[in-house]
Amino acid sequence: MSDQHPMLFQPFRLRGLTLRNRVVVSPMAQYSAEDGAATDWHFAHFARFAVGGAGLVFSEAVKVERRGLGTVGDMGLWDDAQIAPLRRITDFLRRHGAASGIQLNHAGRKAGTARPWEGFGPLDRAVPIEGRAHWQVVGPSAISHAPGYPVPHALSTNEVVEQVNAWAQAARRAVAAGFDVLEIHGAHGYLVHQFLSPEANRREDRYGGSLANRMRFALEITEAVRAIWPADRPVFFRISAVDDRGWTMADSIVLARELKACGVDVIDCSSGGIAPGSPTASRTGLQLGYQVPYAAELRRESALASMAVGLIVGAAQAEAILQGGSADLVAIGREMLRDPFWAAHAAEELGADPGFALLPPQYGWWLERRRRSGYPVSPPS
Ligand SMILES: Cc1cc2nc3c(=O)[nH]c(=O)nc-3n(C[C@H](O)[C@H](O)[C@H](O)COP(=O)(O)O)c2cc1C
């Protein structure tokens, strides 16, 4: 335990928003929405991370239109009726000191799959899904994600323009839902990434061909979202920095610089997803912080703030990433599922919160009282 002031627990300012610390809950789909709307499950899921001390809590990938649903349980924001349950969540997060982030997405040609624990593969489109109609699968070109996946309808140029508008409308609803941060999901082989990819995008109009043309969809979405998103609130962009299928770090650097010019504040650095089996992790194996070098390089080359993600599990590990200048924020995914109080526990470990002030008084007051009576801050190991 140290009494230095760890960077992990120093506030971070982005435009008009000050995060109480640098711990971010990474977007994680719960497959538990009903007709796109958040349920009590989501409320309980997000609430725990705010109570547990995180600085910024991201929603899962929320779909901008029904055709963008990966699974039938994905969250959506294509209808004003989907705003209210999200508002309840963002209000709770704010009351407990955590900023709220929404990740907007469209699954594109990867739409129409089963939940992971129900097989994850493409749905049998001959059978209604949980009593609901299937949805059309769309993409930049009529090329399926993998054998067995549907061949997507290739969006016409006009339909691409309509897509950009769908993202803008979802951003408008996200403002009404009270989110502090908006992230564009441009990674993991979903629609935005599909447009970037020379493998998935074989278009011959202004949205395909050269790198500038393949980036056009991502940049038009970013501009449209930024025009609606309040100027005092930050926009993040999640990128697959490399995808092993033709998208390279050199491309990512070009895109990141363009995104900065469009008003993006943070580049969230992931990888892979355009084709099955392509994630970088499959090459490097289960290596702690396997994507941190992408955050470091894009931070250096684009002058954007960066967020690192991917097997960041320990307090000292997260602190070293920040101290080393690789990233400004660390996003924690699966380890947050194991321990939703990860931030509070990391603060204990780093000596950043000796009085349990990061916890709400309903919990923290009692733990501080117990500590004063002589019990150690953390249980003896
Ligand atoms: C259950 C689950 C759902 C996920 N859903 C999303 C998602 O909606 N959007 C996204 O960008 N990444 C998603 N991811 C990826 C995570 O955000 C994160 O990048 C990945 O799990 C690596 O970080 P970790 O090792 O800390 O878990 C998901 C991961 C998990 C485990």
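A residue is counted as buried if 20 or more other C-beta atoms lie within 10 Å of its own, as exposed if 12 or fewer do, and as partly exposed in between. The structure described here is a predicted model. In this model L311 has 19 other C-beta atoms within 10 Å and is therefore partly exposed. L311 is found in the loop between β11 and α9, the latter covering residues 315-323. The phi angle of L311 is near 50°, which is a positive value in a residue other than glycine.

The strands were examined next. Eight strands form a closed barrel in the order β3-β4-β5-β8-β9-β10-β11-β12, and the pairing is parallel. On average, neighbouring strands of this sheet are turned by 25° against each other, direction ignored.

Several of the pairings can be followed residue by residue. Strand β3 consists of residues 23-25 and is joined to β4 by two bridges, the two strands running parallel. Within this pair, V25 has V57 of β4 as its bridge partner. On the β5 side, the bridge partner of V57 is S100. Strands β4 and β5 also run parallel, and six bridges join them. F58 stands opposite G101 in β5. Elsewhere in the barrel, β11 (residues 305-309) pairs with β12 (residues 329-332) in the parallel sense over three bridges. In this pairing M307 is placed opposite L329 of β12.

Burial was then assessed for two of these strands. In β4, eight of the eight residues are buried, and the strand is mostly covered. Strand β5, residues 99-105, is likewise mostly covered, with seven of its seven residues buried. The residues of β5 point in two directions: A99, G101, Q103 and N105 point one way, while S100, I102 and L104 point the other way. The residues on both sides of β5 are all buried.

The surroundings of the ligand comprise 19 residues, of which S26, P27, A61, G333 and R334 come nearest. Sorted by class, this shell has eight nonpolar, seven polar and four charged residues. Two of the elements that supply at least two residues each to the shell are β4, residues 56-63, and α10, residues 334-338.

Among the helices, α5 was described in detail. Helix α5 runs over residues 211-228 and has 18 residues. From its first C-alpha to its last, α5 reaches 26 Å, close to the 26 Å expected at 1.5 Å a residue. Helix α5 nevertheless has a kink of about 35°, centred on F217. F217 is also one of the buried residues of α5. The others are R214, M215, R216, A218, E220, I221, T222, V225 and R226.

The loop that leads into α5 from α4 (191-196) contains E204. E204 is exposed, because only 9 other C-beta atoms lie within 10 Å. The C-alpha atoms of E204 and A114 are 32 Å apart in space, and the two residues are 90 residues apart in sequence.

The loop between β9 (235-240) and α6 (249-261) holds V242. D244 also has its place in the loop between β9 and α6. V242 has 22 other C-beta atoms within 10 Å and is therefore buried. D244 has 18 C-beta neighbours inside 10 Å, so it counts as partly exposed. The phi angle of D244 is near 60°, a positive value in a residue other than glycine. V242 and S252 are 10 residues apart along the chain, and their C-alpha atoms are separated by 7.5 Å.

Helix α6 itself contains K260. With 16 other C-beta atoms within 10 Å, K260 is partly exposed. K260 and V64 are 196 residues apart in sequence, and the distance between their C-alpha atoms is 23 Å.

Definitions and conventions:
Residues numbered from 1 in each chain as written. Predicted model: local features only at pLDDT ≥ 70, side-chain atom pairs only at ≥ 80, totals over all residues. Near = placed C-beta within 6 Å. Helix = DSSP H or I, 4+ residues; strand = E, 2+ residues; numbered from the N terminus. Nonpolar A, V, L, I, M, F, W, Y, C, P; charged D, E, K, R; others polar. Pairing = 2+ DSSP bridges. Axes fitted to C-alpha atoms, helices over the stretch in contact; angles between N-to-C directions. Expected span 1.5 Å × (residues − 1). Bend = angle between axes of the 7 residues up to and from the residue.
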